[in-house]
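Q: Next one on my list. Show me the model and start with the strand terms, please.

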Amino acid sequence: MSTDPAATGPRRTDRPLDEAGVVTAVRRAAERGATVRPTGAGGRAPGPLVRTDDVLLDVSALTGVVEIGEDTVRVRAGETVADLCVALAAAGRALATVPDAPRATIGGATGLGMYGGAPAEGSLSGQVRAVRLVDGRGTVRDVTGPDLDAARCGLGALGIATALELRTVPLTRLQVHERAVGIDEVLGEDLLGEHAWTECDIAVSPSAHAGSAVLRWAEPEPEATGPVERAGWGQAVSRLASSWWSSGVGLRSGWPPPQRWAPGTAGPPHEVLPDPQPWDPDLSEWAVPRAALGTVLRELGAAVAARGRELRPVRVRTGRAETGLLHPASGRDTAYLRLRTRGPAEEPVRRLAGAVCEDADGRPCWTTRHAWGPDELAVAYPGWEAFRAVRDRFDPDRRFTDPHLAAVLGR
Ligand SMILES: Cc1cc2nc3c(=O)[nH]c(=O)nc-3n(C[C@H](O)[C@H](O)[C@H](O)COP(=O)(O)OP(=O)(O)OC[C@H]3O[C@@H](n4cnc5c(N)ncnc54)[C@H](O)[C@@H]3O)c2cc1C
């Protein structure tokens, strides 16, 4: 097997149309001694966890909402986040957490622990109530109870999810706001924790001052009523702001970032909150204990200043402690830091920032490059051994692996 699957691509791609097709694909791979990696929208967002030179199992054809219940939804794993949000909105429901990536599938988004920005809510993985998956021997399992915490952020290492049940909440229209603030104000008054949704873009530099952060927040719109009839994805996000973040223009041409929304903007969560970005291999994401955020930002400032650099924007969102055994927020309220550096020239800054986050008990998010393996996971994740035990039962033959995953999780 090549050590660089990205260079060669999969030997074979299967795209089953239903659960029976998934079972067949896994059993056929087992007969041939092949390994299998599941992917949802991975062809478009090629993270390291979906690269293989063996069999890629593309579940993106397993779409559709099966049933919208009183406070849950049952959905096939290949349904996109965007399509699910629209279907729920039509029924007066919503996901409690709306992440940025509209085209991510529910299987992929929960497979990596995709988070949103609601401080009192968990990630999308935290909303999962049950998973139906095909294990490494081709057996269909309905996963609930303690095993569910392994499957919540399973990295595609436990099986191929074919359907999931997720918690839903009543649909409300959110009104979004933003203003320039000082970092001390954000931290001192816990501005990140007191709204239904918050995010903050911060200029980490030696001269941090009032106006060196942009706080955005959302609250239910006063007197909002009824379900929303027309729903699209991120319609209210200003194009300018979106391209500022994704192109990195803000890195070169100043601060503060342009306004993200027109004044008074309000709408359903999936229209107003997401800020979709193109895949960027230079992006780093760290999950640090919520209580350590102030220290981390100060130390990041000192570290980059010592090298005459700045780091901006650093996007901060927060979320509740997760029960998912390998979720980066497992067991603790968390601040997520998204750090953008640009290319090889800024690789030292990227590594430096990573070291600061790591020193603060940070855990790398699964979407971005990192050098963690089993030794680091064993120290950082109290549920590591429990995850391995579930993996041993669900995939004793290590059908679901590839060189990268083997380096991260070990044999
Ligand atoms: C534009 C964009 C914006 C983003 N914004 C955010 C954000 O705001 N917050 C955030 O947390 N992340 C964000 N991400 C990263 C995001 O979490 C991942 O890209 C997302 O998981 C991709 O979903 P996917 O369907 O492409 O899954 P893939 O990338 O294909 O898979 C993700 C993981 O899940 C596994 N997997 C996929 N399908 C299944 C299945 N059916 N059963 C079992 N395992 C499966 C894969 O093996 C892999 O380990 C963003 C990504 C993009 C491209």
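A: Two strands pair if DSSP finds at least two bridges between them. Strands (E, at least two residues) and helices (H or I, at least four) are DSSP runs, numbered from the N terminus. The model is predicted, with local features needing pLDDT of at least 70 and side-chain atom pairs pLDDT 80 or more, while totals for chains, interfaces and linings use all residues. Residues are numbered from 1 along each chain as its sequence is written, and side-chain values use heavy atoms, without hydrogens and water.

Q: Which strands pair with β13?
A: β12 (residues 197-204) does, antiparallel over six bridges, and β11 (residues 174-181) does, antiparallel over eight.

Q: And what stands opposite Leu-215?
A: Cys-200 and Arg-179.

Q: Why is β13 largely enclosed?
A: Because six of its eight residues (213-220) are buried, meaning under 20% relative accessible area with a 1.4 Å probe, protein chains only.

Q: Now the ligand. How many residues surround it?
A: 31, counting a residue if one of its heavy atoms lies within 4 Å. The closest are Pro-38, Thr-39, Thr-105, Ala-161 and Gln-277.

Q: Which element gives the largest share?
A: α4, with five residues.

Q: What polar contacts does the ligand have?
A: With N or O pairs within 3.5 Å as the cut-off, ligand oxygen atoms lie 2.6 Å from a polar side-chain atom of Thr-105, 2.9 Å from one of Arg-338 and 3.1 Å from a polar backbone atom of Leu-155.

Q: How much of the ligand's area is covered?
A: The protein covers 92% of the 940 Å² accessible on its own (Shrake-Rupley, 1.4 Å probe).

How values were computed
Polar contact = N/O pair within 3.5 Å; in protein donor to acceptor, adjacent residues only side chain to side chain. Buried < 20%, exposed > 50% of the residue type's maximum accessible area, 1.4 Å probe, protein only.
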